[in-house]
Amino acid sequence: MIKVTVWNENIHDKNDPDVKEIYPDGIHGAIAQALNKMDGIKARTATLDQPECGLPDEVLDNTDVLIWWGHTGHHLVPDELAGKVVERVLKGMGFIVLHSAHYAKPFTRLMGTSCSLRWREGEFERVWCVNPGHPIAEGVPPCFELEVEEMYGEYFDIPQPESLVFNGWFRGGEVFRSGCCWTRGLGHVFYFQPGHETCPTYHNPIVHRILSNAVRWATPHNTRPGLECYNPIAAEDMYEKGQDIGWY
Ligand code: ZN
């Protein structure tokens with residue numbers, strides 16, 4: 001079973017009646033329920049208002065893939081927790097970053113850029129698959145439509161993605177790199193743009209397919225002890241065997 005933790009700041013979900021109506025169990029609840037219907041995935045939720053922001057070490061240590069939704073509460077995530085998330089991604093934990101989490105602390109730290117973009121609310125979006133052979137595109141049609149989404153437009157200040165899987169087009173003429181993949185250390189990172197809090201995007205079955213594909217793609221496959229970026233025990237062992245290759 002792939003162990004997924006769906007983290008949400010859970011602020012709009014609690015305070016905005018429009019969001020409550022669309023997501024009575026929160027955005028995190030809707031995503032976790034959809035993933036739990038998929039074979040081989042066990043998803044749980046965690047929220048900012050829980051002790052230790054819902055992500056104590058024992059939760060992070062038992063997470064293969066962390067999904068992150070945030071918007072107004074990025075600054076409420078302690079730097080120390082953001083650092084722990086980054087560290088685990090570098091050691092192989094998958095990280096799926098949704099919509100306005102483009103400004104989430106762990107994401108901007110992993111990217112090293114501002115991750116800024118253009119935006120406008122209340123737009124029709126057509127999402128085009130531009131990499132149909134990619135595992136995240138498996139079973140996804142050539143394009144699909146979201147009647148109402150938030151327009152996110154270029155320039156999106158991110159490092160060039162290693163793979164671009166989706167492009168978004170909006171009625172206003174803007175375009176956006178809506179599905180981007182990177183490797184950081186041993187970890188896989190996927191950013192997916194759709195998912196504004198007042199839009200029912202996380203009830204869309206194609207979006208469910210994309211998120212479950214992304215979970216499988218981001219699942220760590222190669223995190224045996226000794227493969228971490230720096231493992232002092234392995235380094236010492238190699239030194240004793242005369243195989244010191246210089247760890248820094
Ligand atoms: Zn939004």
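**Exercise 1. Confidence**

What pLDDT does the protein average, and what share of the residues score at least 70?

*Solution.* Start with the kind of model: this one is predicted. Next, take the average: the protein has a mean pLDDT of 93. Then take the share: 90% of the residues score at least 70. Now look at the extremes. Confidence is highest in β4, at 99. It is lowest in helix α8 (residues 232-240), at a mean of 62. Finally, check residues 226-230, where the pLDDT is below 50. Beyond near neighbours in sequence, this stretch has 13 contacts in the model. Handle such a region with care: where pLDDT is low, the predicted coordinates should not be read in detail.

**Exercise 2. The zinc site**

Find the protein donors of the zinc ion and say where H99 and E150 sit in the chain.

*Solution.* Step one: list the donors. They are H99 through NE2, E150 through OE and H196 through ND1. Their distances from the zinc ion run from 2.0 to 2.1 Å.

Step two: write the spacing. Along the sequence the donor residues follow H-x50-E-x45-H.

Step three: place two of them. H99 is in the loop between β4 (94-98) and α6 (105-111), while E150 is in strand β6 (residues 143-153). They are 51 residues apart, so this pair links distant parts of the chain.

Step four: check exposure. H99 and E150 are both buried.

**Exercise 3. Two positive phi angles**

Compare E52 and H99: which is buried and which is exposed?

*Solution.* First, the backbone. Phi of E52 is near 55 degrees, and phi of H99 is near 45 degrees. Each is a positive value in a residue other than glycine.

Second, the location. E52 is in the loop between β2 (41-47) and α4 (57-60). H99 lies in the loop between β4 and α6.

Third, the surface. E52 has a relative accessible area of 56%; the cut-off for exposed is over 50%, so E52 is exposed. H99 has a relative accessible area of 0%; buried means under 20%, so H99 is buried.

For another backbone feature, go to the peptide bond from E154 to Y155. This bond is cis, with omega near 15 degrees. Y155 is in the loop between β6 and β7 (163-170).

**Exercise 4. A covered helix**

How many of the 11 residues of helix α3 are buried, and what covers them?

*Solution.* Count first: nine of the 11 residues in α3 (residues 26-36) are buried. The helix is mostly covered. Now name some: the buried residues include G26, I27, H28 and L35. Then look for the cover. It includes β1 (2-8), α1 (12-15), β2, β3 (65-69), β4 and α7.

Zoom in on S212, which lies in helix α7 (residues 205-218). S212 is buried, with a relative accessible area of 1%. Leaving out residues up to four places away in sequence, S212 touches L35, M38 and I41.

**Exercise 5. Aromatic rings**

Describe the ring pair of Y152 and F176.

*Solution.* Begin with the total: the whole structure holds 10 aromatic pairs. Y152 and F176 form one that is edge-to-face. Their centres are 5.8 Å apart, with 75 degrees between the planes. Y152 is in strand β6 and F176 in strand β8 (residues 175-184), 24 residues apart. Both are buried: Y152 has a relative accessible area of 3%, and F176 has 1%. Last, widen the view. Ring pairs join F107, Y152, F156, F176, W182 and Y191 into a cluster.

Definitions and conventions. Residues numbered from 1 in each chain as written. Predicted model: local features only at pLDDT ≥ 70, side-chain atom pairs only at ≥ 80, totals over all residues. Heavy atoms only, no water. Donors = N, O, S within 2.8 Å, 3.2 Å for Na, K, Ca; no water. Helix = DSSP H or I, 4+ residues; strand = E, 2+ residues; numbered from the N terminus. Buried < 20%, exposed > 50% of the residue type's maximum accessible area, 1.4 Å probe, protein only. Contact = heavy atoms within 4.5 Å. pLDDT = per-residue confidence, 0-100. Phe/Tyr/Trp six-rings, centres within 6.5 Å; stacked < 30°, edge-to-face > 60°.
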